[in-house]
Amino acid sequence: MKKLISLILAVALLCASIPAFAEEIPAHVLVVWFSHAGENYNVGVIEEGNTAKMGKIIAEQMSGDTFELVPVVPYPEDYDSCLDAATEEQRTDARPEYDGEIENWDQYDTIFIGYPIWWGEIPNIVYTFMEAYDFTGKTVIPFNTHEGSGQSHSQRDIEGLLTSATVLKGLAIRGSKAQNDAEGTSADVAAWLKNIGLAE
Ligand SMILES: Cc1cc2nc3c(=O)[nH]c(=O)nc-3n(C[C@H](O)[C@H](O)[C@H](O)COP(=O)(O)O)c2cc1C
């Protein structure tokens, strides 16, 4: 009897160590975003930015870790001043700093990068992040919010910059939808993840 139990245990251990029998190892997912709370177009004054809301939904559905790019020097709360700040940083091609850094970067193989469209562009602080890390061999997936520009040319810009990564097709959602319609946003995210092969 003892021998039989030992044999069963040995077979169970062996099965667990062979990939075909072992549980599939989940991808290590990180969801990074920049998002601006305060006054914004079409949503009034908000406590949490539109892209942050979208990012949290993606992280939940992908069981991913999160990292928010929080500017060291905050952007102005009011919309018009924020428009001016964005104009100025684009004019000077600034690289605004953000708080902290990502720990254990090497453990992540799948990185979602989120941002609002600012004057048709990816905000400069996201470039600060993209230029700081080595994306070799990573899978990168853009996501963004906007109020009419869709992805603008941000998909192309990320593909052009992160050439050592595989960049999958991103998702653009209206900021007002991400802010006010969590259910609709969740459904859009779920359909997109399925479409790009990251969910069943
Ligand atoms: C400085 C600035 C520039 C913007 N430029 C555009 C734009 O060119 N096209 C567009 O569709 N929306 C534009 N918007 C709207 C934002 O993309 C939209 O409100 C987005 O959801 C904001 O996301 P957030 O709350 O995560 O920052 C702009 C907003 C700001 C503050």
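This is a conversation about how to read a predicted protein model with a bound ligand.

Colleague: Before we start, what should I know about the model and the numbering?

Modeller: The model is predicted, so local features need pLDDT of at least 70 and side-chain atom pairs count only at pLDDT 80 or more, while totals for chains, interfaces and linings use all residues. Residues are numbered from 1 along each chain as its sequence is written, and side-chain values use heavy atoms, with hydrogens and water left out.

Colleague: Okay, how many helices and strands does the protein chain have?

Modeller: Helices (H or I, at least four residues) and strands (E, at least two) are DSSP runs, numbered from the N terminus. Here you get seven helices and eight strands.

Colleague: And how many of the 200 residues count as buried?

Modeller: Buried means under 20% relative accessible area, exposed is over 50%, and partly exposed is in between, with a 1.4 Å probe and protein chains only. In this chain, 42% of the 200 residues count as buried. For the outside, accessible areas come from the Shrake-Rupley method with a 1.4 Å probe, and for residues only the protein chains shown count as cover. The chain exposes about 11200 Å², with carbon and sulfur atoms supplying 52% of it.

Colleague: Which residues touch the most other members in the largest nonpolar core?

Modeller: The general idea is that in soluble globular proteins, nonpolar side chains tend to be buried together. A nonpolar core is a set of buried Ala, Val, Leu, Ile, Met, Phe, Trp, Tyr and Cys residues joined through side-chain atoms within 4.5 Å. The largest one here has 30 residues, and Ile-102, Ile-111, Ile-113, Val-126, Phe-129, Met-130 and Phe-135 touch the most other members. Strand 1 (29–33), helix 3 (79–91), strand 5 (110–116) and helix 4 (124–132) each supply at least two residues of this core. Helix 4 gives the most, with five residues. Apart from this core lies another, of 20 residues, including Ala-59, Ala-178, Leu-193 and Ile-196.

Colleague: Why is helix 4 said to be largely enclosed by the rest of the structure?

Modeller: Seven of its nine residues are buried, so the rest of the structure largely encloses helix 4. Among those buried residues are Asn-124, Tyr-127 and Thr-128. The buried residues pack against strand 1, helix 3, strand 5 and helix 5 (154–161). For a close-up, take contact as heavy atoms within 4.5 Å. Leaving aside neighbours within four places in sequence, Val-126 is in contact with Phe-34, Leu-69, Ile-113, Gly-114 and Tyr-115.

Colleague: Now the ligand. Which residues come nearest?

Modeller: A residue is near a molecule if one of its heavy atoms lies within 4 Å of it. There are 21 residues around the ligand, and Ser-35, Thr-51, Ile-117, Thr-145 and Ser-149 come nearest. Then look for polar contacts, which are pairs of N or O atoms within 3.5 Å. A backbone N or O atom of Gly-120 lies 2.8 Å from an oxygen atom of the ligand. A polar backbone atom of Glu-147 is 2.9 Å from a ligand oxygen, and a polar side-chain atom of Asn-40 lies 3.5 Å from an oxygen of the ligand. Taken alone the ligand exposes 640 Å², and the protein buries 94% of that.

Colleague: How many aromatic pairs are there?

Modeller: Rings of Phe, Tyr and Trp (its six-membered ring) pair if their centres lie within 6.5 Å; planes under 30 degrees apart count as stacked, over 60 as edge-to-face and the rest as tilted. The count comes to 11 aromatic pairs. Tyr-75 and Trp-118 form an edge-to-face pair, 5.0 Å centre to centre with 90° between the planes. Tyr-75 lies in the loop between strand 4 (65–68) and helix 3, and Trp-118 in the loop between strand 5 and helix 4, so this pair ties together parts 43 residues apart in sequence. Both residues are buried. Phe-112 and Trp-192 are also edge-to-face, at 5.9 Å and 75°. Phe-112 is in strand 5 and Trp-192 in helix 7 (residues 182–195), 80 residues apart.

Colleague: One last spot: is Ser-186 buried or partly exposed?

Modeller: Ser-186, in helix 7, counts as partly exposed at 25% relative accessibility. Its C-alpha atom is separated by 6.3 Å from that of Ile-57, 129 residues apart along the chain.

Technical notes:
A polar contact is a pair of N or O atoms within 3.5 Å; within protein, one must be able to donate a hydrogen and the other to accept it, and residues adjacent in sequence count only if both atoms are side-chain atoms.
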